[in-house]
Amino acid sequence: MKIKYIPIFTEDIESQVRFFADNLGFEVFDKKNILASQECVVMQTTSPDIFILIAKDYGYGNKKCSMVVSTDDCLNDYHNMKTAGIKFYNEPQYTPTGLRAEFIDPSGNRCLLIEERNYNSLT
Amino acid sequence: MEYSRTLKNNNVIYSGTRNTYNQQTTSDFSIRFVFSGNERYNIGKRQLSIYNDSFLILNKGTHYTSTVESAIPVQSFGISFDDKFLQDFRNGWQFKDEALLSINKNPFINRYEHEFDETIYPFKGDLFFNVNHLKHHLDRGLQDELLINEYLHHCLINYFQIFNEEIFQKAQRLNFLSRSTKIEILRRLNLAKEYLYSNFNSNITLEELAEYACLSVTHLLRTFRQAFHQTPHQFLVQIRLQRAKDLLKNTDYPVNEIVNMVGFDCPSSFIRLFKGRFQTTPLKYRQGFSITIV
């Protein structure tokens, strides 16, 4: 498992993208539905494996996802983490980007565990 | 590596590599895969071949013979689901929590006789990923039955999703009023599909395909196009290209030989079709893959 996406919530996606591009040198990489049912702008940071996710702030308060952890086997990690006593909001769910489950850390932060799957590679 | 694991709940997982094999048996509801080569199943008069891009469903009580006749070793993988596991899954899938709590009072729960369409399905999507993960763990000696059953549960979710896509969604496309007519026509169209899957490397005429599917040629062509948005010939070409791609990736056979092996007559039309489908030539595809390996 590794941290892959750091979500940033904003009411103005465009100015947030501009801020990261102009001041930190990040580049727009893609658009994806990583967070629940909303398209996020994915920005490449200077670390090749870490991306910023810029998403619309719908005012969920402390229920917002604070970190996205990438895994190559979501069911395995979900099972091991659950066995270790970590609380999950839901069972692993299938989305167009892959398999995902949300867990909560001891401080109440919401984190997303995601196994991104390239379904197009199978055809 | 060969193993057969019987879990405490009587689900059984088999994995093995073999050169020749022949067995006649009666199975629980099971899903059969191959990860390399191909395996041929005889069910009554039907002969079904599965490759690494397809899988086969066998219902409980089906008598079959399985044969492996392949130049390369065949990696087989099969999961048999115990009746109770399958029933619990279906109850959980179909009924709400309240209904499940009054399980003894509800006459519909636990009485559902499951009979699936026993045919070849495309090995794709989440089922592909989950079965590969499960096999990966089992090959390395995974003992945790809770985790294995978690994978099996998800394999059933994934299978139902494919079943829904391949049967119900495609039946909806057929221009018939009666739902039972739609399902029956689709069942026959699936016979045509399994014939194409299993005999892709032969010269198949529309007449023999229609006869196998118990439909007239005109009826077959019309309904096949309605259900699958392509003609039987286009579907056949798609299978041939996929199998050719697999041979290019996993064997050293010359391209000309692969052309014949997958049933194409002419190398130039094969190259044109391959390029149209995968946006690269067969040679470049093979070279690109070799570079990745190194």
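Q: How do the residues of the lining of the largest cavity divide into nonpolar, polar and charged?
A: In this predicted model, the lining is made up of Ile120(B), Tyr121(B), Pro122(B), Glu166(B), Asn190(B) and Lys193(B). Ile, Tyr and Pro count as nonpolar, Glu and Lys as charged, and Asn falls among the others, so it is polar. The division is therefore 3 nonpolar, 1 polar and 2 charged.

Q: Which element gives the largest share of the lining of the largest cavity?
A: Two elements of chain B each supply at least two lining residues: strand E8 (120-122) and helix H5 (179-198). Ile120(B), Tyr121(B) and Pro122(B) are in the lining, and their numbers match the range of the strand. With 3 residues, the largest share comes from E8(B).

Q: How much space lies in the largest cavity?
A: The structure holds 1 cavity of 30 Å³ or more. The space in the largest cavity is about 30 Å³.

Q: In what order do the elements of chain A run from the N terminus on?
A: Chain A has 2 helices and 9 strands. Starting at the N terminus, the order is β-α-β-β-β-β-α-β-β-β-β.

Q: What percentage of the residues of chain A count as buried?
A: A residue is buried when its relative accessible area is under 20%. Chain A has 123 residues, and the buried share is 41%.

Q: What part of the accessible surface of chain A belongs to carbon and sulfur atoms?
A: The accessible surface of chain A comes to about 6,800 Å². Of this area, the part belonging to carbon and sulfur atoms is 49%.

Notes:
Residues are numbered from 1 along each chain as its sequence is written. Chains are lettered from A and ligands numbered from 1 in the order in which they are written. This is a predicted model: local features need pLDDT of at least 70, side-chain atom pairs count only at pLDDT 80 or more; totals for chains, interfaces and linings use all residues. Side-chain values use heavy atoms; hydrogens and water are left out. On a 1 Å grid over the protein atoms alone, a cavity is a set of points where a 1.4 Å probe fits but cannot get out, and a pocket is an open set with protein on both sides within 12 Å along at least five of seven lines; lining residues have an atom within 4 Å of a point. Grid points are joined across faces, edges and corners, and a volume is the space filled by probe spheres set on the points. Helices (H or I, at least four residues) and strands (E, at least two) are DSSP runs, numbered from the N terminus. Buried means under 20% relative accessible area, exposed over 50%, partly exposed in between (1.4 Å probe, protein chains only). Accessible areas come from the Shrake-Rupley method with a 1.4 Å probe; for residues, only the protein chains shown count as cover.
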